Amino acid sequence: MNTKTIELIQPLKESIEQEIDLLLPKESERPSNLHSAMRYSLLNGGKRARGVLLLLCARSFPSKYNPLPAAVALECIHAYSLIHDDLPAMDDSPLRRNKPSCHIAYDEPTAILAGDGLLTEAFKILSEHYNQAPEVALKLINELAKASGSLGMIAGQQEDIENEGQPIDASTLEYIHERKTARLIQAAINMGFILSDLASEKTAYSHALGLHLGMAFQYKDDLLDAQSDAETLGKPVNSDQAADKLSAVKVYGLEATQLRADACLEKAELSLKNIGGDTTLLGEYVALLSKRDS
Ligand code: GRG
């Protein structure tokens, strides 16, 4: 682990958490239980990988916009997806980030509504905080909606559920992983670069960076599920195998999954070089994510 990079990233994580606390409705706001559940799920840890990536991309070129509200919007979408994924109707997981999942800490209806609340809140935040620059606001909203909607993350989740326990081919697996995981990470990168006004001829590189990094992230997630322990991971391990879930490890095996992760990372690093700008810390963080243990 590169401790210097971790030290440089920590203040970014903290600034996202402070902004979450600032922007989300307070627990004292009615209905108190709902807002408490939304805050519980959003402020109960996690790496903030998507938010941090957005901040790092936003500052790789001079920018006049504050990227923090966009990072919060992205983390709202991520947290909503985790709440709904943990529900009994989906993954039925009692543990998230080493703490009781939202529907365990509260109850199922509250967890469903907390997820819905966070999903809606994300777009409210973007529309309110970038309204001085309507073109930027629209681009951010469009990017996040495409990545998380029924052609993006929700498509991945739907096909993941439909294919559970079925024999799976590599192309279906790639379709699912690209949508379920990589698209939101791609949105983090794209939203950051929208805020730093990346030259239009370079956007193909930022899209490629997001896609390859997102796929590497999912391969790593599957490797961790197969190789880590529950304490380190903050959720049950071997859950893919136990629930007969789709997993790159199941389709390709451990060694080939690692090779795929490495190849994606190499492509991500090449795209980053082509983007230019001040991306040193971004490059170090990308490498750090590939070595993460949770
Ligand atoms: C319910 C619409 C809907 C979507 C669910 C996020 C998701 C889609 C499913 C969760 C299961 C899973 C393993 C998804 C892959 C994405 C992923 C690796 C999520 C975990 O993200 P991390 O590692 O978590 O960034 P933290 O806790 O650090 O924020």
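The exercises below work through the ligand shell and the helices α4 and α8 of a predicted model.

In this predicted model, local features need pLDDT of at least 70 and side-chain atom pairs count only at pLDDT 80 or more, while totals for chains, interfaces and linings use all residues. Residues are numbered from 1 along each chain as its sequence is written, and side-chain values use heavy atoms, with hydrogens and water left out.

**Exercise 1. Describe the shell around the ligand, and state which helices supply it.**

Step 1. The ligand is surrounded by 19 residues, where a residue is near a molecule if one of its heavy atoms lies within 4 Å of it; the closest are K47, R50, H78, R97 and T181.

Step 2. Sorted by class, the shell holds five nonpolar, seven polar and seven charged residues, with Asp, Glu, Lys and Arg counted as charged, Ala, Val, Leu, Ile, Met, Phe, Trp, Tyr, Cys and Pro as nonpolar, and the others, Gly among them, as polar.

Step 3. At least two shell residues come from each of α4 (68-86), α8 (153-163), α9 (170-195) and α10 (203-227), helices being DSSP runs of H or I with at least four residues, numbered from the N terminus. The largest share, six residues, belongs to α4.

**Exercise 2. Find the distances at which R50, H78 and R97 meet oxygen atoms of the ligand, and state how much of the ligand is covered.**

Step 1. A polar contact is a pair of N or O atoms within 3.5 Å. A polar side-chain atom of R50 lies 2.7 Å from a ligand oxygen atom, one of H78 lies 2.8 Å from a ligand oxygen atom, and one of R97 lies 2.7 Å from a ligand oxygen atom.

Step 2. Of the 700 Å² of accessible area that the ligand has on its own, the protein covers 92%, by the Shrake-Rupley method with a 1.4 Å probe.

**Exercise 3. Characterise α4 and its residue D85.**

Step 1. The 19 residues of α4 reach 27 Å from first to last C-alpha, close to the 27 Å expected at 1.5 Å a residue.

Step 2. In α4, 19 of 19 residues are buried, that is, under 20% relative accessible area.

Step 3. D85 is in α4 and counts as buried because its relative accessibility is 16%. Leaving aside residues up to four places away in sequence, D85 touches M90, D91, D92, R96 and Q157, contact meaning heavy atoms within 4.5 Å.

**Exercise 4. Determine what the buried residues of α8 pack against.**

Step 1. The buried residues in α8 include M153, A155, G156, Q157, D160 and N163.

Step 2. The buried residues of α8 pack against α4, α7 (134-148) and α9.

Step 3. Just after α8, G165 takes a positive phi of about 75°.

Terms used:
Polar contact = N/O pair within 3.5 Å; in protein donor to acceptor, adjacent residues only side chain to side chain. Buried < 20%, exposed > 50% of the residue type's maximum accessible area, 1.4 Å probe, protein only. Expected span 1.5 Å × (residues − 1).
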